[in-house]
Amino acid sequence: MKIKDKIIKALLEKYREIYLLGRINALLSWDLNVNLPPKASEGRASQSAYLTKLIAEKWLDSEFRNLLEKAIIKQKSLKTEERAIVRNLNWAGKYYLNVPKKVIIDFAQTSSRAFMVWQKAKTDDKFKDFLPHLKKLISLNREIAEHLGYKDNPYDALLDLYEPGLTSKICKGIFDKLQPELTRVLARIQKSENYKDSSELTEEKNYPIEVQKQLSIFVLKRMGYDFGAGRMDISSHPFTDTLDRWDVRITNRYKLSDFRESLMVAMHEGGHALYELGVDGIYAGTPLDGGVSLGIHESQSRFWENQVGRSESFLKFMTPVFQAFYPSELSKIDSEGIFRLFNQVKPSLIRTEADEVTYNLHIMLRFELEEVMINGRVMADDLPEIWRQKMKKYLEIVPETDREGVLQDVHWSHGPMGYFPTYTLGNLYAAQFTARMKKEINIADFCEKGELGVILSWLRANIHRYGSLYWPDELAQKATGEALNPRYFLEYIKEKYSKIYEVSL
Ligand code: MG
């Protein structure tokens, strides 16, 4: 990337330190989640806190701020890439600049304590133990929103931290379109003759972990994931971590009784990693490096997991592979059976176990709760009860415990509120990108042959290479010719599941 502007050049030089410290912190966090001996957790927390402090100081450095302010003033006269650099720095730095250091530290300390309490409260199924911490986190989130500023709704300030430009009004518009349709589709599926709510194929079977791992590696290599620039380890919550331009690692988890989960996790995290690895090399170490937002990032993971991984054509390709890997367990099932097995619809209490039809209803519930909590229209004390009411309303099932209800997700204990809606954005963007890709490539044909390279090339050319050059709405416009439109997701769901359940949706 050729940068001519002197101010931008100086900014990039300063930013490089923030970038490097961020990558070192990523290594600490990867190690914490994958390798850390339990007795080292306290020491690691202080090492990480020290790095975080250094990073915050770099953002607040007066020379850096002066340069950025000068760049903002002349923004209009800058070239596309230079302008994007200024926009990204301004967006990423606003948290450090607007929120008082005292609040940032209080938030970090409260959430690390809350996380410990949440883990135990979840195991013991005692919401009351977590409640005071949750209350404090809600009030801190509100305080942060006030410092960040907003037009209509304090929740918007938080949404924008994870997806630039996202507002509660936009979210509400999306869910208003999705929810009635998804509820209707779900009811039709449940009434269909083919509806089963058990999965006999995975019960009491044994799928050795080493074999599952080899299967994941087989598929990741087909997807184009470069093991020379990454690796796959084990962690309890799977994640992708960017340690460097050429070091993007993923993790997986294995369930002995079910071979599907680790494969879907590998494809999901592999999708995140391919995005990071596909950014144009000229952006390395600059604010244009890396995926542009959580929503677009999630579209890349969902694309590989659902649009490819759970598709009829890809599973047709995979059926003999599954049978070779698990000869005694899967020899009797044909590709149609495998397709159904990977796409069973069933309302579940747990978000992470939800199928494609019901998943976004779980997100809608969390969005609605966060919005009322941040606006003080609901007391945290009442959350378990409201959770049950909403589960009944949207999914017609009610959790008996808070462990399977309000305590199930790690997110609130970590602090962030406003993060969940990006999961739904990911699902919607993935369907929209697929619809567009289909006009240029016969995706099903390539999936059936297990040749995924052409698909990756399309993603690289239209999405990955830009990194954070375009904001999510610009990127969608450029890649698909229109802004985010939930229509594509609904069409995809209806087409796919009417085939599986042989009902008209
Ligand atoms: Mg993800």
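Along the chain, the residues that hold the magnesium ion follow the spacing H-x3-H-x25-E. Keep in mind as you look that this is a predicted model. The letters in that pattern stand for His268, His272 and Glu298, which coordinate the ion through NE2, NE2 and OE, at 2.3 to 2.4 Å. Now find where two of them sit: histidine 272 is in helix H10 (residues 260-277) and glutamate 298 is in helix H11 (residues 294-308), so this pair ties together parts that lie 26 residues apart in sequence.

Are these two residues buried or exposed? Buried means under 20% relative accessible area. Histidine 272 comes in at 10%, so it counts as buried, and glutamate 298, at 6%, counts as buried too.

Next, head back along the chain to helix H2 (residues 41-60) and helix H3 (residues 62-73), which pack with their axes 5 Å apart, at an angle of about 45 degrees. That's why the two helices are called oblique to each other. Where do H2 and H3 meet? On the H2 side, look for Lys58, Trp59 and Leu60; on the H3 side, look for Ser62, Phe64 and Arg65. Sort the residues of this contact by character and you get three nonpolar, one polar and two charged.

Stay with H2 a moment, and pick out arginine 44, which is found in this helix. Its relative accessibility is 13%, so arginine 44 counts as buried. What does arginine 44 touch, leaving out residues up to four places away in sequence? Its contacts are Leu28, Asp31, Leu32 and Leu36. As for serine 29, its C-alpha is 8.8 Å from that of arginine 44, with the two residues 15 apart in sequence.

Definitions and conventions:
Residues are numbered from 1 along each chain as its sequence is written. This is a predicted model: local features need pLDDT of at least 70, side-chain atom pairs count only at pLDDT 80 or more; totals for chains, interfaces and linings use all residues. Side-chain values use heavy atoms; hydrogens and water are left out. Donors are N, O and S atoms within 2.8 Å of the metal (3.2 Å for Na, K and Ca); water is not among the atoms, so sites may look incomplete. Helices (H or I, at least four residues) and strands (E, at least two) are DSSP runs, numbered from the N terminus. Buried means under 20% relative accessible area, exposed over 50%, partly exposed in between (1.4 Å probe, protein chains only). Axes are lines fitted to C-alpha atoms, for helices over the stretch in contact, and angles run from 0 to 180 degrees between N-to-C directions. Angles under 35 degrees count as roughly parallel, over 145 as roughly antiparallel, 65 to 115 as roughly perpendicular and the rest as oblique. Contact means heavy atoms within 4.5 Å. Ala, Val, Leu, Ile, Met, Phe, Trp, Tyr, Cys and Pro count as nonpolar, Asp, Glu, Lys and Arg as charged, and the others, Gly among them, as polar.
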